[in-house]
Amino acid sequence: MQALELDLTGQKCPMPIVQLSKVVKQLDPGAEFTAVADDPAFRLDVESWCRNTGHELLRLDDSDHRFVAVIRKA
């Protein structure tokens, strides 16, 4: 199975998290995926979203004004 990468660039808060929520509902528990965003609010939003939903934020990188989050579904 190919790794899922969700491109959220160009979207502003709250849309990246809204899109994450839609995608996660379609995944099996334990599935991992990557989300890429350029909204400065994404860093705090994705950390809070994972904490509140129980999903695991495996990695969050920030480079070139892009955030790359690797998430595992609870």
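**Close-up views of a four-stranded sheet and its two helices**

**View 1. Strand β2 sits mostly under cover.** In this predicted model, 5 of the 6 residues of β2 are buried, so to speak of β2 as mostly covered is fair under the cut-off of under 20% relative accessible area. Two strands pair with β2. With β1, the pairing is parallel and runs over 4 bridges; look for E5, which stands opposite T34 of β2. With β4, the pairing is antiparallel and takes 6 bridges, and here A35 has A69 of β4 as its bridge partner.

**View 2. The open sheet has the strand order β1-β2-β4-β3.** Its 4 strands pair in a mixed fashion. At the edges stand β1 and β3 (residues 56–63), each with a single partner strand, so one side of each has no neighbour in the sheet. On average, neighbouring strands are turned by 15° against each other, direction ignored.

**View 3. Both helices lie across the sheet.** Helix α1 lies across β1, β2 and β4, and runs at about 155° to β1. Helix α2 lies across β2, β3 and β4, and runs at about 10° to β4.

**View 4. Helix α1 has its buried residues on one side.** The buried residues of α1 are P16, I17, L20, V23 and V24. They cover an arc of only 125° around the axis, which places them on the same side of α1. A helix has 3.6 residues a turn, so residues three or four places apart point the same way. Among the elements that cover the buried residues of α1 are β1 (4–7), β2 (32–37), α2 (42–53) and β4 (66–72).

**View 5. Helices α1 and α2 meet in a right-handed crossing.** Their axes come within 10 Å and cross at roughly 35°. From α1, the contact is made by P16, I17, L20, S21 and V24; from α2, by F42, D45, V46 and W49. Sorted by class, this contact has 7 nonpolar, 1 polar and 1 charged residues.

**View 6. A closer look at I17 in helix α1.** Here is a residue worth finding in the views above: I17 belongs to α1, which spans residues 15–25. Is I17 buried or exposed? With a relative accessible area of 16%, I17 is buried, because that value falls under the 20% cut-off. Which residues does I17 touch, leaving aside neighbours within four places in sequence? They are F42, D45, V46 and W49. For F42, the separation from I17 is 25 residues in sequence and 8.0 Å in space, C-alpha to C-alpha.

Note on methods. Residues are numbered from 1 along each chain as its sequence is written. This is a predicted model: local features need pLDDT of at least 70, side-chain atom pairs count only at pLDDT 80 or more; totals for chains, interfaces and linings use all residues. Side-chain values use heavy atoms; hydrogens and water are left out. Buried means under 20% relative accessible area, exposed over 50%, partly exposed in between (1.4 Å probe, protein chains only). Contact means heavy atoms within 4.5 Å. The arc is that of the directions from the helix axis to the C-beta atoms. Axes are lines fitted to C-alpha atoms, for helices over the stretch in contact, and angles run from 0 to 180 degrees between N-to-C directions. A crossing is left-handed if the near helix is turned anticlockwise from the far one by less than a right angle, and right-handed if clockwise. Ala, Val, Leu, Ile, Met, Phe, Trp, Tyr, Cys and Pro count as nonpolar, Asp, Glu, Lys and Arg as charged, and the others, Gly among them, as polar. Two strands pair if DSSP finds at least two bridges between them.
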